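Okay, thanks for making time, everyone. I'll put the structure up and we can walk through it together.

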Amino acid sequence: MPTTAAPPPITPPRFTTARLDALPLEPAYAEEMAAVLADPALYGFTGGEPPAPAALRARYERQCAGSPDPGERWWNWVLRVRAAGDGEAGGEAGGELVGYVQATVRGSRAEIAWVVGTPWQGRGYASEAAQGLAAHLASAGGVRELVAHIHPDHAASAAVALAAGLGPTEEWEDGERRWAASVTLPPVP
């Protein structure tokens, strides 16, 4: 008898990578994340400006409440570098926050994005987080298609997309190229 898959939870499950803990977003992270996102250079390709802690807290409260569309999930995680000596499961008391990843999940499709604060760029955190996110969405979220939109001059973000298995398409939206990938689950041994 066929069954209908349960919708993914509103709050995303946490996941880990080799060096990072991806923790479900909470408004309590706003002050620390405002410092992570404080460099105006982060907004060179996307527009906008560094958020004040109060504005970021209000945004996080809206994001944590979830999409008004019941068929869509807003999944957001902050990225914490695992402190030396933390076990594989990591811990919220570990190292500092360095950025975030997010996914808007609709059925088996997810639009993903990532940001790593300027002081932590160049260490492979964004690629590691995007790869972990792709794997996590496929295994825990039932996602089979990933999409990202990247400014054509943002070489670092394009490299992250490639590392996560996405490739450029011929489609454009608001001056950004659409990148996409089909995701398959590894066979169960």
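So, let's start at Trp77, which you'll find in strand S3. Keep in mind that this is a predicted model. Is Trp77 buried or exposed? At a relative accessible area of 1%, it counts as buried, because the cut-off for that is under 20%. Its side chain reaches the backbone oxygen of Pro13, at 2.9 Å. And if you look at the C-alpha atoms, Trp77 and Leu23 are separated by 5.0 Å, although they are 54 residues apart along the chain.

Okay, charges next. How many salt bridges does the count come to? Eight. Let me pick out a few of them.

One of them is Asp21 with Arg82, where the side chains meet at 3.0 Å, N to O. What does this pair link? Distant parts of the chain: Asp21 is in strand S2, residues 20–24, and Arg82 is in the loop between strand S3, residues 72–81, and strand S4, residues 97–106. That's 61 residues apart. Asp21 counts as buried, because its relative accessibility is 0%. Arg82 has 11%, so that one counts as buried too.

Then there's Glu32 with Arg80, and here the closest N and O atoms are 4.0 Å apart. Glu32 lies in helix H1, residues 30–36, while Arg80 is in strand S3, so this salt bridge ties together parts that are 48 residues apart in sequence. As for accessibility, Glu32 is partly exposed at 33%, whereas Arg80 is buried, with a relative accessible area of 7%.

And now Arg106 with Asp69, a salt bridge with an N to O distance of 2.0 Å. Where do the two partners sit? Arg106 is in strand S4, and Asp69 is in the loop between helix H2, residues 53–65, and S3, so parts 37 residues apart in sequence get tied together. Arg106 counts as partly exposed, at 43% relative accessibility. Asp69 is partly exposed as well, with a relative accessible area of 27%.

There's also a network: Arg109, Glu145, Glu171 and Arg178 are linked by salt bridges. Arg109 is a handy way into the next part, since it belongs to strand S5, residues 109–116.

So, S5. In a regular strand the side chains alternate between the two faces of the sheet. Which residues make up the covered face of S5? Ala110, Ile112, Trp114 and Val116. The uncovered face has Arg109, Glu111, Ala113 and Val115.

What about the neighbours of S5? With S4, the pairing is antiparallel, over eight bridges. Within that pairing, Gly99 has Val116 in S5 as its bridge partner. S4 and S5 form a hairpin with two residues between the strands, and in that hairpin Gly107 takes a positive phi near 65°. With strand S6, residues 145–150, S5 pairs in the parallel sense, over three bridges. Here Arg109 stands opposite Glu145 in S6, and you've already met both of those in the salt-bridge network.

Moving on to helix H3, residues 125–140, which is the place of Glu128. Buried or exposed? Buried: Glu128 has a relative accessible area of 12%. So what are its polar partners? The Glu128 side chain makes a polar contact with the side chain of Thr17, at 2.4 Å. A polar atom of that Glu128 side chain also lies 3.3 Å from the backbone nitrogen of Ala18. Leaving out residues up to four places away in sequence, Glu128 touches Thr17, Ala18, Arg19 and Leu20.

Last stop, helix H4, residues 155–163. Its buried residues are Ser157, Ala158, Val160 and Ala161. Why do they count as being on the same side of H4? Because they cover an arc of only 155° around the axis. On the face turned away from that buried side, you get the exposed residues Ala155, Ala156 and Leu162. And what do the buried residues of H4 pack against? S5, H3, S6 and strand S8, residues 176–182. Just after H4 there's Gly165, which takes a positive phi of about 95°.

That's my tour, and I'm happy to take questions.

Methods:
Residues are numbered from 1 along each chain as its sequence is written. This is a predicted model: local features need pLDDT of at least 70, side-chain atom pairs count only at pLDDT 80 or more; totals for chains, interfaces and linings use all residues. Side-chain values use heavy atoms; hydrogens and water are left out. Helices (H or I, at least four residues) and strands (E, at least two) are DSSP runs, numbered from the N terminus. Buried means under 20% relative accessible area, exposed over 50%, partly exposed in between (1.4 Å probe, protein chains only). Two strands pair if DSSP finds at least two bridges between them. A polar contact is a pair of N or O atoms within 3.5 Å; within protein, one must be able to donate a hydrogen and the other to accept it, and residues adjacent in sequence count only if both atoms are side-chain atoms. Contact means heavy atoms within 4.5 Å. The arc is that of the directions from the helix axis to the C-beta atoms.
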